[in-house]
Structure formats: C-alpha cells, structure tokens
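Here's a friendly walk through one protein model, for anyone meeting it for the first time. Keep the picture beside you and look things up as we go.

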Amino acid sequence: MSSIQVALQAIDSFVWGPPLLILLVGTGVYLTVRLGLLQVLRLPLALRLVFGRDQGQGKAGDVSSFAALCTALSATIGTGNIVGVATAIKLGGPGALFWMWMAAFFGMATKYAECLLAVKYRVTDANGQMAGGPMYYLERGLGSRPLAKLFALFGIGVAFFGIGTFPQVNAISDAMTLSFSVPREVTAVVLTLIVGLVTLGGIQSISSVSSKVVPFMALFYIVSCLGVLVANASALPDAVALVLSSAFTGQAATGGFVGAGVLLAIQSGVARGVFSNESGLGSAPIAAAAAKTDSCVEQGLVSMTGTFFDTIIICTMTGLTLVVTGVWSGDLSGAAMTSAAFAQGLNPHVGQYLVSIGLLFFAFTTILGWNYYGERCTEYLFGVRAIKPYRLIYLALVACGAFLHLDMIWLLADIVNGLMAVPNLIGLIGLRHVVVAETRAFFARHEDTEPEGETQTA
C-alpha cells in the first residue's frame with residue numbers, strides 16, 4: 001500500500017470518525033427537539049403532499065415537488081442501499097440496522113431543515129432556472145460566502161470523482177459483465193450516450209426520467225425483498241429480535257462473521273445510514289430548490305420523506321433480507337452477500353439477476369442526480385457559462401469510469417463527501433432559528449396551532 005493511500009485512509013477515518021457522526025446525528029437530535037418530533041407528527045401530512053394532486057401548478061420553480069423529491073432520491077437510493085447495508089451488517093452485526101434506523105429518524109429532521117432553507121433562500125439564475133442549496137443559504141442567510149464556496153467546491157469534487165461517476169459506472173459495468181456477459185467497452189459507450197441524452201436537457205429532463213425510474217426501481221426492489229421475507233416468514237420475528245438485541249449487546253462471532261461490539265454496531269450503522277440517505281450532507285437541498293412551490297415548509301416536509309423511503313423502508317428491506325437468510329454471518333460481503341440472500345431466499349439463478357438489475361437502476365439514477373448537484377455547484381462558482389463545459393467533463397468521466405481501479409478514488413470520494421457536510425451543518429446550526437420560526441408560522445397560519453418545541457429564540 002502506497003504512503004499516499006495510507007495518508008488518505010487516515011484522513012478518511014478522521015473525517016468520518018466520531019466527531020462528524022456526532023455532529024450529524026446531534027444536529028438531527030437538536031432539530032427534532034426544537035421542532036417537536038415533526039418527523040413523526042407531520043409525516044402523514046408530508047406523505048399527503050408527496051402523493052397529492054397539487055404539484056405546484058402556477059407556482060415559482062422548475063419542476064413539481066414530487067419530481068424534485070425523485071431527483072433527490074435518484075442520488076440517494078443507490079449502491080449504498082444494497083452494498084452499504086451489507087457492509088454495515090458485516091462490520092457491526094445485525095444491530096447496525098437498528099442504528100441505521102436511528103440515524104434516519106433524526107436525519108429526517110435534518111433533511112426537513114436543509115430543504116426548507118434551500119427554498120427560502122433560492123434565486124433565479126441567468127438562464128431563468130431556480131438555483132438553491134447550501135451555497136445560497138450559507139451566503140444569503142448566514143452571510144458567509146467563503147463557506148458557500150467551500151461547499152460548492154466539495155460538491156463538484158464528489159460529482160466528478162466520487163459518488164457521481166466512478167463507483168456507479170463500475171457497479172453498472174460489473175453487473176452487466178458478470179450477469180449478462182456484456183463487455184465493459186459496450187457498457188461504457190451505451191451508458192455515456194444515455195446519460196448524455198438525459199443530462200444535457202437539464203433539470204426538467206433529469207427530473208422527468210427520475211420521476212419514472214425511481215418509483216419503478218424502488219417498487220421492484222421492495223417486491224423482490226418481500227419475496228425473500230415472505231418465503232422466510234417464520235424466521236422474521238427472530239430476525240427482528242436479533243436486530244434489536246444485538247444493537248445494545250453486540251454480537252458474538254458466528255461462521256465467517258468476526259463478531260462486533262456495541263460501539264462498532266453504532267458506528268457502522270450510523271455511518272452507512274448517513275451515507276445512504278445523505279441527511280445533513282447538503283446534496284438534497286440543491287434538488288429541493290427547483291421545486292414548484294410557494295412554501296418552504298411544505299417542500300421541507302416533502303423532502304424529509306426521502307430519508308424515510310431510502311432508509312426506513314429500502315435499507316430495512318435489505319437488512320432484514322440479509323438477516324432472515326443468515327448470509328450476514330457467512331464469508332461473503334457487499335453485493336455478493338445480498339446476491340446470496342436473494343439466491344437462498346428465492347432462486348439460485350433469479351437471485352443474481354435481481355441484485356444486478358437493482359444495482360443497474362440504482363447506480364444509473366445516482367449518476368443523473370449527482371450530475372445535477374455538481375452542475376448547480378459549478379454554476380454558483382463560475383456562472384451559467386460553465387454549465388456546458390461541466391456537463392462535457394462529467395460525460396468524459398462517466399465514459400472512462402468503467403476502466404479505473406477504485407481503491408484511491410473511493411477514499412477521495414469518502415473524504416470530500418464528508419467534508420461537504422461540515423459547512424452545511426454550520427449553516428443549519430447558524431440558521432436554526434429561521435427553521436423554527438418558519439415552521440411555527442406555517443402551522444399557526446394553516447392550523448391555528450404551533451408544533452411543540454422551544455420558542456423561537458436561538
């Protein structure tokens with residue numbers, strides 16, 4: 001292992017260590033208290049807004065609230081839902097799933113706050129499109145242009161060299177080669193052309209594809225998981241009991257599993273949970289800012305359901321599938337572990353194809369979502385003239401992603417992804433009084449009641 005890689009691993013361990021995880025979850029806990037359990041008490045309203053008929057007709061914005069949510073989900077529902085959950089349970093045991101739930105529960109309050117701020121402080125750019133996200137509420141709300149520029153720079157880094165391109169392209173090419181014997185060169189060419197056709201059309205094109213693909217792929221994967229869980233229904237109560245008990249007691253080694261303590265279960269569960277749903281990282285607000293809405297609170301409610309769908313539902317399906325089939329304690333890891341669970345729970349031949357198809361759709365939509373995030377960060381730093389060069393560079397990176405070795409790239413991606421969260425969380429904490437004030441005013445107007453929590457004082 002090179003000295004550069006050793007240094008990057010050390011930086012990665014520090015960035016994603018206890019301080020950042022505590023800050024991420026702590027911000028969610030604080031907002032949960034200040035907003036009076038909004039993610040529980042207002043979830044029914046949020047779901048009605050997601051699936052309601054009023055999708056922003058006649059309101060300012062580029063796409064419907066549902067399309068904005070799907071664009072955000074296209075980036076968060078990815079390989080982390082298949083590979084990330086398997087990695088967390090491999091490292092921390094079944095109890096890691098419980099801590100993923102906890103990260104998601106408090107993360108819903110964080111996602112609500114950051115997307116509320118995105119709509120409140122959004123602007124119209126030179127192309128007539130809505131532009132918003134942490135860059136804008138850090139500058140216009142918090143008054144810190146340096147922090148805003150730092151966030152945008154990290155955002156472009158993640159889009160170019162991290163989550164947006166190389167890992168996703170590799171996942172797609174691996175799946176196509178292993179399951180369908182398609183050469184990497186063919187996959188690279190076809191994928192680049194498809195991504196180009198979609199992304200060159202901007203947010204309307206990306207959101208249009210996401211609105212169709214995201215619900216389909218999520219439903220496809222959930223039904224596949226339910227097939228395994230129904231086939232192993234008798235083992236489900238014990239699996240849930242194991243998740244709950246090992247979350248607080250740790251898990252002794254069995255089979256190929258090395259055994260995990262409570263601290264490792266917490267760390268792996270929280271880290272993978274945050275990595276999957278991206279609550280607090282500042283990516284989803286960029287998509288939320290494009291929504292056709294005249295209420296920042298309503299869009300915050302719609303956006304927080306993304307964490308609910310991503311982690312509480314989809315990651316739970318993966319986790320329980322791994323536990324009921326018992327593959328979590330074997331020698332396999334990552335996508336191979338999930339494939340083995342489907343093969344054992346359904347059919348040896350069908351299992352591999354289901355996971356490959358799931359990875360294919362999940363990775364493809366993540367490429368689309370992160371293209372948009374990087375584009376908005378580029379526009380913030382360099383203006384609208386830089387959008388076209390950005391898109392061409394992004395496509396070039398997609399084209400070569402299938403042929404790269406990812407050890408170093410994954411480390412860089414992890415580091416930059418974690419660093420994105422720091423300026424965003426500073427913004428959330430600094431603007432917490434704005435979030436509380438907007439929330440209380442909204443529910444006072446619409447229901448003549450205020451959500452529980454503290455007063456508006458910061």
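## A greasy patch on the outside

Let's start with Val186, which sits in helix H11, the stretch covering residues 184-199. Keep in mind that what you're looking at is a predicted model. Is Val186 buried, partly exposed or exposed? With a relative accessible area of 42%, Val186 lands between the 20% and 50% cut-offs, so it's partly exposed.

Val186 also has company: together with Val189, Val190, Leu193 and Ile194, it makes a nonpolar surface patch of about 420 Å².

## Holes on the inside

Now for the interior. How many cavities of 30 Å³ or more are there? The count comes to two. The largest cavity has a volume of about 70 Å³.

If you'd like to find that largest cavity, look for the residues that line it: Leu24, Val25, Gly28, Met102, Ala103, Phe106, Gly107, Thr110, Val274 and Ser279. Two helices, H2 (18-34) and H7 (95-120), each bring at least two residues to this lining. Which one gives the largest share? That's H7, with five residues. Sorted by class, the lining has six nonpolar residues, four polar ones and no charged ones.

## A buried leucine

Next, take a look at Leu73, found in helix H5, which spans residues 65-76. Its relative accessibility is 6%, and because anything under 20% counts as buried, Leu73 goes in the buried group.

You can also use Leu73 to get a feel for distances here. Leu73 and Ser13 are 60 residues apart in sequence, and their C-alpha atoms lie 27 Å apart in space.

## Salt bridges across the chain

How many salt bridges turn up when the whole structure is searched? There are six. One of them joins Lys120 and Glu438, whose closest N and O atoms are 2.7 Å apart. This pair ties together distant parts of the chain: Lys120 belongs to helix H7 and Glu438 to helix H21 (residues 432-447), with 318 residues separating the two. You've met H7 already, as a helix that helps line the largest cavity. As for cover, Lys120 is partly exposed at 34% relative accessibility, and Glu438 is partly exposed too, at 23%.

Another salt bridge pairs Glu139 with Arg145, and there the closest N and O atoms are 2.9 Å apart. Glu139 counts as partly exposed, with 27% relative accessibility. Arg145 also counts as partly exposed, with 38%.

## A charged network under cover

Now turn to Arg376 and Glu375, whose side chains meet in a salt bridge at 3.5 Å, N to O. Are these two residues buried or exposed? Arg376 has a relative accessible area of just 1%, so it's buried. Glu375 is buried as well, with a relative accessible area of 0%.

These two are also part of something wider: Asp125, Glu375, Arg376 and Arg391 are linked in a network of salt bridges. So that's a useful group to pick out on screen, with Glu375 and Arg376 as its buried members to begin from.

Definitions and conventions: Residues numbered from 1 in each chain as written. Predicted model: local features only at pLDDT ≥ 70, side-chain atom pairs only at ≥ 80, totals over all residues. Heavy atoms only, no water. Patch = residues over 30% accessible without salt bridge, like charges linked within 9 Å, V, L, I, M, F, W, Y side chains within 5 Å. Areas by Shrake-Rupley, 256 points an atom, 1.4 Å probe, with all protein chains shown as cover. Salt bridge = Lys/Arg side-chain N within 4 Å of Asp/Glu carboxyl O. Helix = DSSP H or I, 4+ residues; strand = E, 2+ residues; numbered from the N terminus. Buried < 20%, exposed > 50% of the residue type's maximum accessible area, 1.4 Å probe, protein only. 1 Å grid on protein atoms, 1.4 Å probe; cavity = no way out; pocket = protein on both sides within 12 Å on 5 of 7 lines; lining within 4 Å. Points joined across faces, edges and corners; volume = space filled by probe spheres on them. Nonpolar A, V, L, I, M, F, W, Y, C, P; charged D, E, K, R; others polar.
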